[in-house]
Amino acid sequence: METLEYVEGLFKLTVQYGILLMECVGVAILIVTTVKSIWGCLRHDPHVRLNLAKGIALALEFKLGGEVLRTVIVREWSEMAILGAIIVLRGALTFLIHWEIKNEEAHLE
């Protein structure tokens, strides 16, 4: 029984570190994209909106991955409902941003 509890604890710790890593990567991508976009605005780069949208979409994908990974360690239905709502919201945002990217690419051609 002790070995099973150890393995479960190790699994939970691994998942939590995976979630933290994905969240940190998402935040880092968002920060780098923001700085590049500010620089692009100052240089009057016509592709700044497209690059910003692509960076936000990539950051959201990592954040969404972290939320999906979080579902592995959820133990209560109320937590699952909250995570489900967050996943749906982030998925909708990702869909809208990809739609915006497609429209912006068509506009630039």
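# Reading a three-helix model

Biologist: Thr33 touches Asn51, Leu52, Gly55 and Ile56, not counting residues up to four places away in sequence. Which helix holds Thr33?

Modeller: Thr33 sits in helix α1. One caution before we go on: this is a predicted model.

Biologist: Is Thr33 buried or exposed?

Modeller: Look at the relative accessibility, and compare it with a cut-off. Buried means under 20%. Thr33 has 10% relative accessibility, so Thr33 counts as buried.

Biologist: Which other residues of α1 are buried?

Modeller: The full set is Val15, Gly18, Ile19, Glu23, Gly26, Ile29, Thr33, Ser37 and Gly40.

Biologist: How should I read a list like that?

Modeller: Think of the turn of a helix. An α-helix has 3.6 residues a turn, so residues three or four places apart point the same way. Then ask about the partners. The buried residues of α1 pack against α2 and α3.

Biologist: How many residues does α1 have, and how far does α1 reach?

Modeller: Helix α1 covers residues 2-42, which is 41 residues. From its first C-alpha to its last, α1 reaches 60 Å. That is close to the 60 Å expected at 1.5 Å a residue. Try the others the same way. Helix α2 has 23 residues and reaches 33 Å, close to the expected 33 Å. Helix α3 has 32 residues and reaches 46 Å, close to the expected 46 Å.

Biologist: What happens just after α1?

Modeller: Check the backbone angles there. Most residues other than glycine have a negative phi. His44, just after α1, takes a positive phi of about 60°. His44 is a residue other than glycine.

Biologist: Where does His44 lie, and is His44 buried or exposed?

Modeller: His44 is in the loop between α1 and α2. Its relative accessibility is 69%, so His44 counts as exposed.

Biologist: Now the pair of helices on either side of that loop. At what angle do the axes of α1 and α2 cross?

Modeller: Read two values for a helix pair: how close the axes come, and the angle between them. The axes of α1 and α2 come within 8 Å and cross at roughly 170°. Over 145 degrees counts as roughly antiparallel. So α1 and α2 are roughly antiparallel to each other. Their contact divides into 15 nonpolar, 9 polar and 4 charged residues.

Biologist: And how do the axes of α2 and α3 cross?

Modeller: Helix α2 is residues 48-70 and helix α3 is residues 77-108. Their axes come within 9 Å and cross at roughly 160°. That makes α2 roughly antiparallel to α3. The crossing of α2 past α3 is left-handed. The residues of this contact divide into 14 nonpolar, 3 polar and 10 charged.

Biologist: Which charged residue should I look at?

Modeller: Try Glu67, in helix α2. Glu67 is buried, with a relative accessible area of 5%. Leaving aside its neighbours within four places in sequence, Glu67 is in contact with Glu23, Leu83, Ile86, Ile87 and Arg90.

Biologist: What do the buried residues of α2 pack against?

Modeller: They pack against α1 and α3. The buried residues of α2 include Val48, Leu50, Ala53, Gly55, Leu60, Lys63 and Leu64.

Biologist: Which residues of α3 are buried?

Modeller: Leu83, Arg90, Thr94, Ile97, Ile101 and Glu104 are. These buried residues pack against α1 and α2.

Biologist: What about a residue between buried and exposed?

Modeller: Take His98, in helix α3. Its relative accessibility is 40%, so His98 counts as partly exposed. His98 touches Ala57 and Glu61, not counting residues up to four places away in sequence.

Biologist: How far apart are His98 and Lys54, in sequence and in space?

Modeller: Keep the two kinds of distance separate. His98 and Lys54 are 44 residues apart in sequence and 7.8 Å apart in space, C-alpha to C-alpha. Now take another pair. Met80 and Val7 are 73 residues apart in sequence and 23 Å apart in space, C-alpha to C-alpha.

Biologist: Where is Met80 found, and what is Met80 in contact with?

Modeller: Met80 is in helix α3. At 31% relative accessibility, Met80 counts as partly exposed. Leaving aside neighbours within four places in sequence, Met80 is in contact with Thr71 and Val74.

Methods:
Residues are numbered from 1 along each chain as its sequence is written. This is a predicted model: local features need pLDDT of at least 70, side-chain atom pairs count only at pLDDT 80 or more; totals for chains, interfaces and linings use all residues. Side-chain values use heavy atoms; hydrogens and water are left out. Axes are lines fitted to C-alpha atoms, for helices over the stretch in contact, and angles run from 0 to 180 degrees between N-to-C directions. Helices (H or I, at least four residues) and strands (E, at least two) are DSSP runs, numbered from the N terminus. Angles under 35 degrees count as roughly parallel, over 145 as roughly antiparallel, 65 to 115 as roughly perpendicular and the rest as oblique. A crossing is left-handed if the near helix is turned anticlockwise from the far one by less than a right angle, and right-handed if clockwise. Ala, Val, Leu, Ile, Met, Phe, Trp, Tyr, Cys and Pro count as nonpolar, Asp, Glu, Lys and Arg as charged, and the others, Gly among them, as polar. The expected span of a helix is 1.5 Å times one less than its number of residues. Buried means under 20% relative accessible area, exposed over 50%, partly exposed in between (1.4 Å probe, protein chains only). Contact means heavy atoms within 4.5 Å.
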